[in-house]
Amino acid sequence: MAQSLVQTITDYQPKEVKTFFYSQYFADGLRMTAGILLPALSALYFNRLDIGFTLSLGAACMSVIDSPGPVLHKRNAMTIGNALIFLVAVITGFARLNPITLGIEIALFCFLFSLLIVYGNRAASVGTAGLLAMIFMISKELTYVEIFIFSGILLAGGIWYMLFSLLFFRIRPYRAAQQILGENVADIAQFLRVKADFYDASTDIDDNYHKLVTQQIKVSHNQDNVREMLFKTRVNVKESTNASRILVLTFVDLVDMFEQIMATHYDYGYIRQKFKDTGVLESINKLLHKMADELDYVGFMVLSNLRYKRLTDLNKDLEALKIKIDEAGNNPDGTSNLVLKKILINLRDLNQKIHNIYDYYNSSSSQLLFEKSNDIQISKFVSHQEYAPHIFFDNLTLGSGAFKHALRVALVCLVGYIVSQIFPLGNHSYWILLTIIVILKPGFSLSKERNYQRLTGTIAGGIVGVIVLYFIKDRTALFFIMLLFMLGTYSFIRLNYVIAVMFMTPFILIMLKFVGITGYNVVQERMIDTIIGSSIAFIASYFVFPSWEFELIKESMRDVIYANVNYLVKIGNALAGKPVDITEYKLARKDVFVQSANLSSSFQRMTSEPKSKQRGIKDIHKFVVLNHILSSYIAMIAAGLKGKSMATARPDALRSIKKSLAVLNDTNVKLHGPTIDFKVDKQLTEDKEAETLEPSADEALLKDQLNFINKISNDIARATDNVVSVNN
């Protein structure tokens, strides 16, 4: 009944709004809002809002850990988090009795909990929960006995939230993975649209590369999240339902599809020059946009868990495109249309993958799904975070970025605490510390971005809060408005931080009114404390143990070169007639996507840093684009090999691969990175008889592709030399 009601309501909304209400962001917002608010409402029923408010504070601390991921990881992290918030609350309760001991505790806890980032984002969120418990406890004036009582209630709120949250995932263990998967489909659809614009002669190729790299970051990041969530859920749930098999098969096809889209990469300048007057490029552009629309529809189908049929039959468009390509081949200047035929093959494969996903969701038979899923070796695609103590102690050095970040947070929070003591503006001076903790990130660019978002959102939200409190006096109406603001806060907290803070500020102001703290001086206090905290954090991110991307970029470059070498070696082995395990091939492909996204993210962060810190940025940008072209051409060759039991490639093709690998390996040595040998029988590379044979059309195209890879490899080597010389 509930689902039919939601369906009735959303039928009258645009598709984007429907997608949001089905998304993980809105689901997380509902869960967090209910988990935090219910204890306070329950206690209010018994006229004990003081206890309910403390329970909700404990739940709010625990909600920080409730980020997307496998339910086992959530359970373990929340269990540790609950123990931590109780311990921190007790220690803070006693430490606050003396300003000096409290200052020492703030510096020590900020350092230790911030350094937990060496164990990954989940561990870092546990540390943040501990810091929130410390901040909430600072303003409490309690006796010795009351310290333990308050800490116990805080713990009870945390335990309540943990049980409440885990119950959702116990009932529908795959729902979160389904939501992230649906959003990943939409990301791939947008990636396809950017690719389509390369066939639009009015689009600037360099600008479009920038958009492509930006979108690739989103696709790869979300694919990694889906992989982590879906595969680990299957391992932990220890059952294989038809629904879970559909999700796995959909994701596997999506990764293949992403590779297929990458494989539609060519020399766009050349293609535009040769075929601009044939009408073929416009047809390819329109067809790719239609496929992107189909993918958006697939994404909504996955998100909503409803069954739909395809919007349009693209086979007719493919046939019309084939006719145009054939006509383009019949030209007086003898220009070959083989490249266009390869594009057509890729488009047909892409269309088939879209069709397969529709079949998964509309097929009444599960036997095919069961047979296809048997070959997927899930465990190899799941990453494992190591929690050995030596990792923590190994990072206790200024050479570690995590150590510098933790030290910066400790020093800056200590300064923030001292400022709040010297210039007390009210009863909520802990807002300064809260602002600093939220804003300070390991890198300058992330801190700068979060600083701007926090300030903008707080000021806008403060204005909204004042307007609401001025015009609306009815407490029931205020409660429902607060509920909407709270839901907006937690729905947008990961989607759009500015909007989340815009909702958060009026939500907090209305909440304070309900607990008896009124007056516009509260709004003024929050804004001033936010400005003070933001200013301290921004200055510190520049001057206190700063971390700049040029110090880390070589590591990202090294990793992506190694990933591409490994990817190219797999293709080389296939061309040399060696058996290539499909799982090992997919692992190599996954590594390329992940490392490419990491490199692109690092470059993007560098662009928002001060100009004086953007060392060699033009060459790094060139490296990022060249890396994308390299992996795209390797994917293109891989796509051409799929399903073919071809004989050993010609000797010149194998020699070309060896040259490219030699150049890339030498380049990685300059970056102090590892290398991979490509071992091939000498007879295969020096077969004179094979070289005398006339190459087929496919062999001629493969030779051109490998020669282009060799050229790109040399360009990467030159760009790397320039980066190394600038950053040494």
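**Figure 1. Confidence across the predicted model.** pLDDT is the predictor's confidence in each residue, on a scale from 0 to 100. This is a predicted model, and the protein averages a pLDDT of 84, with 89% of the residues scoring at least 70. Looking element by element, helix 6 (residues 99-114) comes out with the highest mean pLDDT, at 95, while helix 1 (residues 2-10) has the lowest, at 41. Residues 1-13 stay below 50, and this stretch makes 7 contacts in the model beyond near neighbours in sequence. Another stretch below 50 covers residues 365-371, with 8 such contacts.

**Figure 2. A look at helix 7.** Helix 7 takes in residues 121-138, and its end C-alpha atoms are 26 Å apart. That agrees with expectation, because 18 residues at 1.5 Å a residue should span 26 Å. Of those 18 residues, 16 are buried, so helix 7 is largely enclosed by the rest of the structure.

**Figure 3. Phe258 meets Phe593.** The whole structure holds 30 aromatic pairs. In the one shown here, the ring centres of Phe258 and Phe593 are 4.8 Å apart and the planes sit at 65°, so this pair counts as edge-to-face. It ties together distant parts of the chain: Phe258 belongs to helix 11 (residues 242-262) and Phe593 to helix 25 (residues 582-607), 335 residues apart. Both phenylalanines, Phe258 and Phe593, are buried.

**Figure 4. A phenylalanine cluster, and two arginines over rings.** Phe20, Phe21, Phe26, Phe485, Phe492 and Phe503 are joined into a cluster by ring pairs. Elsewhere in the view list, Arg450 parks its charged end over the ring of Tyr497, 3.8 Å from the ring's centre. Arg526 does something along those lines with Trp431, lying over its face at 5.2 Å from the ring centre.

**Figure 5. Inside the largest nonpolar core.** This core has 120 residues, and the members touching the most others are Leu230, Ile284, Met291, Leu347 and Leu575. Helix 26 (residues 617-641) is the top contributor, giving 15 residues. Zoom in on Leu230 and, leaving aside residues up to four places away in sequence, you'll find Tyr174, Ala177, Leu247, Val248 and Phe251 in contact with Leu230.

**Figure 6. Another core, set apart.** Apart from the largest core lies another one, of 80 residues. Its members include Ala77, Ile85, Phe485 and Ile536. Phe485 may look familiar, as this residue is also part of the phenylalanine cluster.

Methods
Residues are numbered from 1 along each chain as its sequence is written. This is a predicted model: local features need pLDDT of at least 70, side-chain atom pairs count only at pLDDT 80 or more; totals for chains, interfaces and linings use all residues. Side-chain values use heavy atoms; hydrogens and water are left out. Helices (H or I, at least four residues) and strands (E, at least two) are DSSP runs, numbered from the N terminus. The expected span of a helix is 1.5 Å times one less than its number of residues. Buried means under 20% relative accessible area, exposed over 50%, partly exposed in between (1.4 Å probe, protein chains only). Rings of Phe, Tyr and Trp (its six-membered ring) pair if their centres lie within 6.5 Å; planes under 30 degrees apart count as stacked, over 60 as edge-to-face and the rest as tilted. A charge sits over a ring if NZ of Lys or CZ of Arg is within 6 Å of the ring centre and within 35 degrees of the ring normal. Contact means heavy atoms within 4.5 Å. A nonpolar core is a set of buried Ala, Val, Leu, Ile, Met, Phe, Trp, Tyr and Cys residues joined through side-chain atoms within 4.5 Å.
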